[in-house]
Amino acid sequence: MIRSMLTRRQFSKLIVGSGLLASGNFEAASASPAQGAEQAATPDCDVLIKGGTVIDPGQNLHAPLDVAVKDGKILELSPDIAATRALRVISGKSKIVTPGLIDVHVHVFEGVGPTGLNADQYCLGRGVTTAVDAGSTGYADIAGFRQYVIKPSATRVYALVDIGARGTLLGLIGNYANLDWVNAQLTARAAETNKPDVVGIKVRLSKEITGSNDLEILKRALEASRISHLPLMVHVGDSFSTLPEILVQMRKGDVLTHCYTGRPHGPLDANGKIIPEMLDCRQRGVLFDVGDGGPHLDLDVAEKCLQQNFLPDTIGTDLGGLSYNGPVYDLVKELSKFLLLGLSVDQVIERVTVRPTRMFNFEAELGSLRPGAVADISILEVREGSFLFTDSTGKKRMGRQKLQSAAAIRAGKLYVNRSEDMLNS
(Lines give C-alpha, C1' and ligand atoms only; values in the text may rest on other atoms or scores of the structure.)
Protein backbone atom coordinates (compact mmCIF):
# COMPACT_ATOMS: atom_id res chain seq x y z
CA MET A 1 0.00 0.00 0.00
CA ILE A 2 1.31 3.46 -0.89
CA ARG A 3 2.16 5.41 2.24
CA SER A 4 0.26 8.65 2.84
CA MET A 5 2.39 11.77 2.55
CA LEU A 6 2.70 14.10 5.53
CA THR A 7 2.23 17.79 4.91
CA ARG A 8 4.92 20.17 6.15
CA ARG A 9 2.51 21.29 8.91
CA GLN A 10 1.91 17.69 9.98
CA PHE A 11 5.62 17.04 10.05
CA SER A 12 6.20 20.14 12.15
CA LYS A 13 4.14 18.47 14.88
CA LEU A 14 6.88 15.86 15.14
CA ILE A 15 9.36 18.49 16.26
CA VAL A 16 10.25 18.20 19.90
CA GLY A 17 10.56 21.84 20.80
CA SER A 18 11.67 23.48 23.98
CA GLY A 19 8.62 22.38 25.94
CA LEU A 20 8.14 18.87 24.53
CA LEU A 21 9.75 15.50 25.25
CA ALA A 22 10.57 12.55 23.05
CA SER A 23 8.04 9.77 22.57
CA GLY A 24 7.33 6.62 20.61
CA ASN A 25 10.31 4.31 20.10
CA PHE A 26 12.57 6.88 21.69
CA GLU A 27 12.77 6.82 25.49
CA ALA A 28 11.17 9.85 27.10
CA ALA A 29 13.52 12.73 27.82
CA SER A 30 13.71 13.93 31.36
CA ALA A 31 13.63 17.59 32.31
CA SER A 32 14.06 16.83 35.99
CA PRO A 33 17.38 16.59 37.88
CA ALA A 34 19.03 13.24 38.54
CA GLN A 35 17.74 11.37 41.59
CA GLY A 36 19.25 12.72 44.80
CA ALA A 37 20.70 15.83 43.17
CA GLU A 38 19.58 19.43 43.23
CA GLN A 39 18.87 21.27 40.00
CA ALA A 40 21.87 23.32 38.94
CA ALA A 41 21.25 27.03 39.32
CA THR A 42 22.44 27.80 35.79
CA PRO A 43 22.53 24.80 33.42
CA ASP A 44 25.34 25.18 30.90
CA CYS A 45 23.89 23.01 28.10
CA ASP A 46 20.56 22.87 26.31
CA VAL A 47 20.36 19.13 25.57
CA LEU A 48 22.18 16.20 27.13
CA ILE A 49 22.09 12.68 25.67
CA LYS A 50 22.98 10.30 28.50
CA GLY A 51 23.89 6.65 28.52
CA GLY A 52 24.33 6.04 24.80
CA THR A 53 27.17 4.44 22.86
CA VAL A 54 28.87 7.09 20.73
CA ILE A 55 30.12 5.90 17.36
CA ASP A 56 32.00 8.68 15.59
CA PRO A 57 34.34 7.16 12.98
CA GLY A 58 35.85 10.54 12.12
CA GLN A 59 37.27 10.68 15.65
CA ASN A 60 37.85 6.92 15.97
CA LEU A 61 35.30 6.86 18.79
CA HIS A 62 33.25 3.84 19.84
CA ALA A 63 32.58 4.21 23.55
CA PRO A 64 29.89 4.88 26.17
CA LEU A 65 29.80 8.67 26.27
CA ASP A 66 27.33 11.41 27.08
CA VAL A 67 26.85 14.20 24.54
CA ALA A 68 26.08 17.78 25.56
CA VAL A 69 24.66 20.37 23.15
CA LYS A 70 24.66 24.15 23.56
CA ASP A 71 23.39 26.80 21.13
CA GLY A 72 23.16 24.34 18.25
CA LYS A 73 26.76 23.12 18.68
CA ILE A 74 28.39 20.10 20.29
CA LEU A 75 29.57 21.30 23.70
CA GLU A 76 31.17 18.23 25.25
CA LEU A 77 31.63 14.47 25.08
CA SER A 78 32.41 12.81 28.41
CA PRO A 79 31.76 9.47 30.14
CA ASP A 80 29.38 10.88 32.76
CA ILE A 81 28.07 14.42 32.39
CA ALA A 82 25.86 15.47 35.30
CA ALA A 83 22.19 15.63 34.39
CA THR A 84 21.91 18.80 36.48
CA ARG A 85 23.92 20.67 33.86
CA ALA A 86 21.21 20.35 31.20
CA LEU A 87 17.88 21.96 30.46
CA ARG A 88 16.80 18.74 28.74
CA VAL A 89 18.11 15.23 29.37
CA ILE A 90 17.50 12.50 26.79
CA SER A 91 18.08 8.85 27.55
CA GLY A 92 20.39 7.13 25.08
CA LYS A 93 20.27 3.85 26.98
CA SER A 94 20.70 0.88 24.61
CA LYS A 95 21.03 3.34 21.72
CA ILE A 96 23.82 4.32 19.34
CA VAL A 97 24.59 8.04 19.13
CA THR A 98 26.29 9.11 15.89
CA PRO A 99 27.00 12.27 13.93
CA GLY A 100 23.92 13.21 11.91
CA LEU A 101 23.48 10.76 9.04
CA ILE A 102 24.23 12.10 5.55
CA ASP A 103 22.53 10.62 2.48
CA VAL A 104 24.51 11.70 -0.58
CA HIS A 105 21.88 10.55 -3.10
CA VAL A 106 18.18 11.45 -2.81
CA HIS A 107 15.46 13.06 -4.94
CA VAL A 108 13.39 15.53 -2.94
CA PHE A 109 11.82 18.02 -5.37
CA GLU A 110 8.42 17.25 -3.88
CA GLY A 111 5.41 17.71 -6.14
CA VAL A 112 7.44 17.93 -9.37
CA GLY A 113 7.61 14.73 -11.39
CA PRO A 114 7.28 11.15 -10.11
CA THR A 115 10.52 11.00 -8.12
CA GLY A 116 10.38 13.88 -5.65
CA LEU A 117 9.73 13.12 -1.97
CA ASN A 118 9.28 15.38 1.05
CA ALA A 119 12.76 15.71 2.57
CA ASP A 120 11.50 16.26 6.10
CA GLN A 121 9.34 13.16 6.12
CA TYR A 122 11.70 10.74 4.41
CA CYS A 123 15.07 12.13 5.49
CA LEU A 124 14.95 13.99 8.81
CA GLY A 125 11.92 11.97 9.90
CA ARG A 126 13.99 8.81 9.37
CA GLY A 127 17.20 9.93 11.09
CA VAL A 128 18.96 11.70 8.19
CA THR A 129 19.99 15.25 9.06
CA THR A 130 21.68 16.09 5.72
CA ALA A 131 20.60 15.04 2.23
CA VAL A 132 22.08 15.71 -1.20
CA ASP A 133 19.56 15.88 -4.02
CA ALA A 134 21.33 14.13 -6.89
CA GLY A 135 20.33 16.09 -9.95
CA SER A 136 16.56 16.41 -9.74
CA THR A 137 17.05 19.81 -11.35
CA GLY A 138 19.09 21.20 -14.21
CA TYR A 139 20.24 24.74 -14.92
CA ALA A 140 16.70 25.81 -15.78
CA ASP A 141 15.15 25.09 -12.39
CA ILE A 142 17.86 24.82 -9.72
CA ALA A 143 16.97 28.30 -8.43
CA GLY A 144 13.39 27.13 -7.86
CA PHE A 145 14.58 24.03 -6.04
CA ARG A 146 16.73 26.21 -3.82
CA GLN A 147 13.84 28.57 -3.08
CA TYR A 148 11.07 26.03 -2.52
CA VAL A 149 12.89 22.99 -1.12
CA ILE A 150 16.29 23.88 0.31
CA LYS A 151 15.32 27.04 2.16
CA PRO A 152 12.09 25.88 3.86
CA SER A 153 13.19 22.32 4.72
CA ALA A 154 14.10 21.40 8.27
CA THR A 155 16.39 18.79 6.72
CA ARG A 156 19.76 20.19 5.70
CA VAL A 157 19.49 19.87 1.88
CA TYR A 158 22.17 20.37 -0.77
CA ALA A 159 21.95 19.78 -4.52
CA LEU A 160 23.76 18.55 -7.59
CA VAL A 161 22.88 20.27 -10.88
CA ASP A 162 22.14 17.82 -13.68
CA ILE A 163 23.85 18.45 -17.04
CA GLY A 164 20.44 18.28 -18.74
CA ALA A 165 18.35 21.46 -18.65
CA ARG A 166 15.40 19.62 -17.10
CA GLY A 167 17.30 17.44 -14.65
CA THR A 168 15.99 14.03 -13.65
CA LEU A 169 12.77 15.17 -12.02
CA LEU A 170 10.43 14.35 -14.90
CA GLY A 171 11.92 10.90 -15.44
CA LEU A 172 11.81 11.32 -19.21
CA ILE A 173 13.12 8.67 -21.59
CA GLY A 174 15.70 10.24 -23.89
CA ASN A 175 16.16 13.18 -21.54
CA TYR A 176 19.49 14.11 -23.14
CA ALA A 177 18.42 13.37 -26.72
CA ASN A 178 18.43 17.07 -27.67
CA LEU A 179 22.07 18.02 -27.18
CA ASP A 180 21.15 21.70 -27.37
CA TRP A 181 19.77 21.24 -23.85
CA VAL A 182 22.99 19.64 -22.58
CA ASN A 183 24.99 22.79 -22.01
CA ALA A 184 28.19 22.82 -19.96
CA GLN A 185 28.42 26.61 -19.68
CA LEU A 186 24.83 27.14 -18.53
CA THR A 187 25.08 24.24 -16.09
CA ALA A 188 28.32 25.57 -14.60
CA ARG A 189 26.89 29.10 -14.33
CA ALA A 190 23.77 27.82 -12.52
CA ALA A 191 25.93 25.79 -10.14
CA GLU A 192 28.19 28.73 -9.33
CA THR A 193 25.26 31.12 -8.88
CA ASN A 194 23.61 28.78 -6.40
CA LYS A 195 26.63 27.89 -4.26
CA PRO A 196 27.04 26.89 -1.46
CA ASP A 197 23.74 25.01 -1.74
CA VAL A 198 25.02 23.35 -4.91
CA VAL A 199 27.90 20.96 -4.22
CA GLY A 200 28.31 19.10 -7.51
CA ILE A 201 27.27 18.26 -11.08
CA LYS A 202 25.31 15.13 -12.10
CA VAL A 203 25.16 13.12 -15.33
CA ARG A 204 23.17 9.94 -16.08
CA LEU A 205 24.69 7.58 -18.65
CA SER A 206 22.08 4.85 -19.10
CA LYS A 207 21.29 4.38 -22.79
CA GLU A 208 17.56 5.02 -22.36
CA ILE A 209 18.54 8.57 -21.35
CA THR A 210 21.55 9.27 -23.59
CA GLY A 211 20.97 7.14 -26.65
CA SER A 212 24.31 6.71 -28.43
CA ASN A 213 25.65 10.08 -27.25
CA ASP A 214 26.80 9.09 -23.75
CA LEU A 215 30.49 9.89 -24.22
CA GLU A 216 29.71 13.32 -25.67
CA ILE A 217 27.33 14.02 -22.79
CA LEU A 218 29.97 12.87 -20.29
CA LYS A 219 32.46 15.23 -21.95
CA ARG A 220 30.05 18.16 -21.43
CA ALA A 221 29.37 17.18 -17.82
CA LEU A 222 33.10 17.00 -17.13
CA GLU A 223 33.47 20.48 -18.63
CA ALA A 224 30.69 21.87 -16.42
CA SER A 225 32.42 20.30 -13.43
CA ARG A 226 35.77 21.83 -14.43
CA ILE A 227 34.34 25.32 -14.91
CA SER A 228 32.40 25.29 -11.63
CA HIS A 229 35.21 23.62 -9.63
CA LEU A 230 32.76 21.00 -8.36
CA PRO A 231 32.89 17.18 -8.42
CA LEU A 232 30.91 15.22 -10.98
CA MET A 233 28.60 12.35 -9.98
CA VAL A 234 28.27 9.82 -12.82
CA HIS A 235 25.28 7.47 -12.92
CA VAL A 236 26.09 4.17 -14.67
CA GLY A 237 24.24 0.97 -15.52
CA ASP A 238 23.16 -0.27 -18.97
CA SER A 239 25.09 2.43 -20.80
CA PHE A 240 25.52 2.53 -24.59
CA SER A 241 29.30 2.60 -24.21
CA THR A 242 31.23 0.17 -22.07
CA LEU A 243 31.99 0.98 -18.44
CA PRO A 244 35.78 1.09 -19.07
CA GLU A 245 35.22 3.78 -21.73
CA ILE A 246 33.42 5.86 -19.08
CA LEU A 247 35.71 5.14 -16.15
CA VAL A 248 38.89 6.11 -17.96
CA GLN A 249 37.64 9.71 -18.17
CA MET A 250 36.79 10.11 -14.49
CA ARG A 251 39.10 12.17 -12.27
CA LYS A 252 40.12 12.37 -8.65
CA GLY A 253 37.14 13.55 -6.59
CA ASP A 254 34.51 12.48 -9.12
CA VAL A 255 31.84 10.05 -7.90
CA LEU A 256 30.59 6.87 -9.58
CA THR A 257 27.11 6.08 -8.31
CA HIS A 258 25.30 2.71 -8.68
CA CYS A 259 28.69 1.04 -8.17
CA TYR A 260 27.09 -2.37 -7.49
CA THR A 261 24.65 -2.35 -10.39
CA GLY A 262 23.62 -5.68 -11.89
CA ARG A 263 22.59 -4.03 -15.16
CA PRO A 264 24.73 -4.47 -18.31
CA HIS A 265 28.17 -2.83 -18.23
CA GLY A 266 28.57 -3.29 -14.49
CA PRO A 267 31.67 -3.54 -12.27
CA LEU A 268 32.32 -7.29 -12.70
CA ASP A 269 33.71 -9.28 -15.59
CA ALA A 270 32.30 -12.60 -16.81
CA ASN A 271 34.21 -14.43 -14.07
CA GLY A 272 32.87 -12.27 -11.25
CA LYS A 273 36.10 -10.31 -10.86
CA ILE A 274 36.20 -6.53 -10.53
CA ILE A 275 37.24 -5.01 -13.83
CA PRO A 276 40.70 -3.37 -13.78
CA GLU A 277 39.31 0.07 -14.62
CA MET A 278 37.33 0.13 -11.36
CA LEU A 279 40.53 -0.55 -9.44
CA ASP A 280 42.41 2.07 -11.45
CA CYS A 281 39.72 4.64 -10.63
CA ARG A 282 39.98 3.95 -6.92
CA GLN A 283 43.74 4.21 -7.11
CA ARG A 284 43.57 7.70 -8.62
CA GLY A 285 40.92 8.99 -6.20
CA VAL A 286 37.54 8.42 -7.84
CA LEU A 287 34.87 7.79 -5.19
CA PHE A 288 32.14 5.13 -5.25
CA ASP A 289 28.54 5.45 -4.03
CA VAL A 290 25.91 2.70 -3.71
CA GLY A 291 22.89 4.66 -5.01
CA ASP A 292 20.40 1.79 -4.70
CA GLY A 293 17.29 3.55 -5.98
CA GLY A 294 15.48 0.26 -6.50
CA PRO A 295 16.95 -0.89 -9.83
CA HIS A 296 20.64 -0.26 -9.10
CA LEU A 297 21.73 -2.59 -6.27
CA ASP A 298 22.30 -6.26 -6.97
CA LEU A 299 23.17 -7.96 -3.68
CA ASP A 300 25.11 -10.70 -5.48
CA VAL A 301 27.25 -8.10 -7.27
CA ALA A 302 27.78 -6.17 -4.03
CA GLU A 303 28.75 -9.34 -2.18
CA LYS A 304 31.34 -10.28 -4.80
CA CYS A 305 32.81 -6.77 -4.71
CA LEU A 306 32.99 -6.77 -0.92
CA GLN A 307 34.65 -10.19 -0.97
CA GLN A 308 37.36 -8.58 -3.14
CA ASN A 309 37.70 -5.76 -0.58
CA PHE A 310 36.02 -3.22 -2.86
CA LEU A 311 33.88 -1.36 -0.30
CA PRO A 312 31.78 1.71 -1.18
CA ASP A 313 32.94 5.14 -0.09
CA THR A 314 29.37 6.18 0.68
CA ILE A 315 26.02 4.42 1.03
CA GLY A 316 23.59 6.75 -0.70
CA THR A 317 20.04 5.51 -1.17
CA ASP A 318 18.90 7.18 -4.43
CA LEU A 319 15.65 7.45 -2.48
CA GLY A 320 12.75 8.79 -4.53
CA GLY A 321 9.11 8.36 -5.40
CA LEU A 322 9.72 5.03 -7.11
CA SER A 323 11.70 3.42 -4.27
CA TYR A 324 10.48 4.80 -0.91
CA ASN A 325 7.85 2.04 -0.76
CA GLY A 326 10.50 -0.60 -1.44
CA PRO A 327 13.03 -1.93 -1.92
CA VAL A 328 14.93 1.10 -0.49
CA TYR A 329 12.54 2.58 2.10
CA ASP A 330 15.10 4.84 3.83
CA LEU A 331 18.79 5.20 4.69
CA VAL A 332 18.86 3.13 7.88
CA LYS A 333 17.26 0.19 6.06
CA GLU A 334 19.84 0.58 3.31
CA LEU A 335 22.59 0.44 5.91
CA SER A 336 21.00 -2.74 7.25
CA LYS A 337 21.52 -4.39 3.84
CA PHE A 338 25.23 -3.86 4.24
CA LEU A 339 25.17 -5.32 7.73
CA LEU A 340 23.63 -8.36 6.03
CA LEU A 341 26.53 -8.37 3.54
CA GLY A 342 29.09 -8.40 6.35
CA LEU A 343 30.03 -4.79 7.07
CA SER A 344 30.16 -3.80 10.72
CA VAL A 345 28.00 -1.14 12.36
CA ASP A 346 31.06 1.13 12.54
CA GLN A 347 31.79 0.63 8.83
CA VAL A 348 28.27 1.53 7.67
CA ILE A 349 28.10 4.56 9.97
CA GLU A 350 31.45 5.78 8.63
CA ARG A 351 29.98 5.78 5.12
CA VAL A 352 27.09 8.06 6.08
CA THR A 353 28.92 10.43 8.43
CA VAL A 354 32.55 11.39 7.88
CA ARG A 355 33.07 9.98 4.38
CA PRO A 356 30.37 12.11 2.70
CA THR A 357 32.19 15.20 3.99
CA ARG A 358 35.20 14.09 1.96
CA MET A 359 33.03 13.74 -1.13
CA PHE A 360 31.31 17.15 -1.06
CA ASN A 361 32.19 20.51 0.46
CA PHE A 362 29.23 21.32 2.70
CA GLU A 363 30.87 24.48 4.14
CA ALA A 364 29.82 23.35 7.62
CA GLU A 365 31.46 20.91 10.01
CA LEU A 366 29.18 17.94 9.53
CA GLY A 367 29.79 14.24 10.10
CA SER A 368 31.44 14.73 13.48
CA LEU A 369 30.59 15.06 17.17
CA ARG A 370 33.73 17.08 17.85
CA PRO A 371 33.10 19.90 20.35
CA GLY A 372 32.35 23.04 18.37
CA ALA A 373 30.83 21.18 15.41
CA VAL A 374 27.22 21.65 14.32
CA ALA A 375 24.94 19.64 16.62
CA ASP A 376 23.58 17.28 13.97
CA ILE A 377 23.11 13.94 15.74
CA SER A 378 21.35 10.67 14.90
CA ILE A 379 20.16 8.28 17.59
CA LEU A 380 19.82 4.69 16.41
CA GLU A 381 19.13 1.25 17.78
CA VAL A 382 20.20 -2.14 16.51
CA ARG A 383 17.39 -4.65 16.44
CA GLU A 384 18.02 -8.39 16.50
CA GLY A 385 15.75 -10.89 14.80
CA SER A 386 14.92 -12.10 11.29
CA PHE A 387 14.51 -9.38 8.67
CA LEU A 388 13.77 -9.74 4.96
CA PHE A 389 15.73 -7.67 2.43
CA THR A 390 15.06 -7.42 -1.31
CA ASP A 391 17.31 -6.11 -4.09
CA SER A 392 16.74 -4.73 -7.59
CA THR A 393 16.48 -8.21 -9.10
CA GLY A 394 13.83 -9.37 -6.66
CA LYS A 395 16.23 -11.64 -4.82
CA LYS A 396 15.41 -11.93 -1.13
CA ARG A 397 17.77 -12.49 1.78
CA MET A 398 17.23 -12.81 5.52
CA GLY A 399 19.32 -10.75 7.89
CA ARG A 400 19.75 -10.96 11.64
CA GLN A 401 20.19 -7.27 12.37
CA LYS A 402 18.37 -4.12 11.40
CA LEU A 403 19.16 -0.53 12.24
CA GLN A 404 16.24 1.62 13.36
CA SER A 405 16.16 5.38 13.72
CA ALA A 406 14.89 6.62 17.07
CA ALA A 407 15.42 10.36 16.72
CA ALA A 408 17.63 13.03 15.24
CA ILE A 409 18.96 16.37 16.39
CA ARG A 410 19.37 18.97 13.67
CA ALA A 411 21.32 22.09 14.68
CA GLY A 412 20.40 21.45 18.31
CA LYS A 413 16.66 20.84 17.77
CA LEU A 414 15.25 17.37 18.47
CA TYR A 415 13.02 15.50 16.01
CA VAL A 416 11.38 12.19 16.85
CA ASN A 417 11.30 9.32 14.39
CA ARG A 418 7.85 8.20 13.37
CA SER A 419 7.35 4.47 12.98
CA GLU A 420 6.11 2.98 9.71
CA ASP A 421 2.76 2.23 11.34
CA MET A 422 2.35 5.90 12.17
CA LEU A 423 3.34 6.91 8.65
CA ASN A 424 0.78 4.53 7.19
CA SER A 425 -2.03 5.97 9.27
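## A cis proline to start with

Pro196 sits in the loop between helix 4 (184–193) and strand 12. The peptide bond leading into it, from Lys195 to Pro196, is cis, with omega near 0°. Keep in mind that this is a predicted model, so that geometry comes from the predictor.

There is another cis bond further along, running from Gly326 to Pro327, with omega near 5°. Pro327 is also a loop residue, placed between helix 9 (299–307) and helix 10.

## The chain overall

The secondary structure of the protein chain adds up to 13 helices and 18 strands. Of the 425 residues in the chain, 57% are buried. Take the contacts between residues at least 6 apart in sequence: 76% of them join residues at least 24 apart. The accessible surface of the chain is about 16,500 Å², and carbon and sulfur atoms account for 51% of that.

## How far to trust it

Mean pLDDT for the protein chain is 88, and 88% of the residues reach 70 or more. Residues 1–40 are another matter, with pLDDT staying under 50. Even so, the model gives that stretch 94 contacts beyond four places in sequence. Residues 419–425 also have pLDDT below 50, and there the model has 13 contacts beyond near neighbours in sequence.

## The largest pocket

If you're hunting for a pocket, the largest one has a volume of about 500 Å³. Its lining counts 25 residues, and the closest to the pocket centre are Thr115, Arg204, His296, Asp318 and Leu322. Sorted by class, the lining has 13 polar, seven nonpolar and five charged residues.

Strand 12 (198–204) and helix 5 (207–210) each contribute at least two residues to that lining. Arg204, one of the residues closest to the centre, also turns up among the contacts of Ile209.

## Ile209 in helix 5

Ile209 belongs to helix 5. Is it buried or exposed? Its relative accessibility is 5%, under the 20% cut-off, so Ile209 counts as buried.

Setting aside neighbours within four places in sequence, Ile209 is in contact with Gly174, Asn175, Tyr176, Ala177 and Arg204. For Gly174 there's a distance to go with it: the C-alpha atoms of Ile209 and Gly174 are 4.2 Å apart, with their positions 35 residues apart in sequence.

## Phe338 in helix 10

Phe338 lies in helix 10, which covers residues 331–340. At 0% relative accessibility, Phe338 is buried.

Which residues does Phe338 contact, once neighbours within four places in sequence are left out? The list is Tyr260, Val290, Leu297, Leu306, Pro312, Ile315, Leu343 and Val348. Ile315 is 23 residues away from Phe338 along the chain, and their C-alpha atoms are separated by 8.9 Å.

## Two exposed residues

Val248 is in the loop between helix 7 (243–247) and strand 14 (255–257). With 60% relative accessibility, above the 50% cut-off, Val248 counts as exposed. Between Val248 and Asp280 the C-alpha to C-alpha distance is 8.4 Å, although they are 32 residues apart in sequence.

Gln283 is placed in helix 8, and its relative accessibility of 71% makes it exposed too. Its C-alpha atom is 9.1 Å from that of Lys252, with the two residues 31 apart along the chain.

## Positive phi outside glycine

Two backbone angles are worth a quick look. Asp238 has phi near 55°, a positive value in a residue other than glycine. Asp238 is in the loop between strand 13 (232–235) and helix 7, and with 14% relative accessibility it counts as buried.

The other is His265, where phi is near 65°, again positive in a residue other than glycine. His265 lies in the loop between strand 14 and helix 8 (276–283). How accessible is His265? Its relative accessible area is 31%, which falls between the 20% and 50% cut-offs, so His265 is partly exposed.

Notes:
Residues are numbered from 1 along each chain as its sequence is written. This is a predicted model: local features need pLDDT of at least 70, side-chain atom pairs count only at pLDDT 80 or more; totals for chains, interfaces and linings use all residues. Side-chain values use heavy atoms; hydrogens and water are left out. On a 1 Å grid over the protein atoms alone, a cavity is a set of points where a 1.4 Å probe fits but cannot get out, and a pocket is an open set with protein on both sides within 12 Å along at least five of seven lines; lining residues have an atom within 4 Å of a point. Grid points are joined across faces, edges and corners, and a volume is the space filled by probe spheres set on the points. Helices (H or I, at least four residues) and strands (E, at least two) are DSSP runs, numbered from the N terminus. Ala, Val, Leu, Ile, Met, Phe, Trp, Tyr, Cys and Pro count as nonpolar, Asp, Glu, Lys and Arg as charged, and the others, Gly among them, as polar. pLDDT is the predictor's confidence in each residue, from 0 to 100. Contact means heavy atoms within 4.5 Å. Buried means under 20% relative accessible area, exposed over 50%, partly exposed in between (1.4 Å probe, protein chains only). Accessible areas come from the Shrake-Rupley method with a 1.4 Å probe; for residues, only the protein chains shown count as cover.
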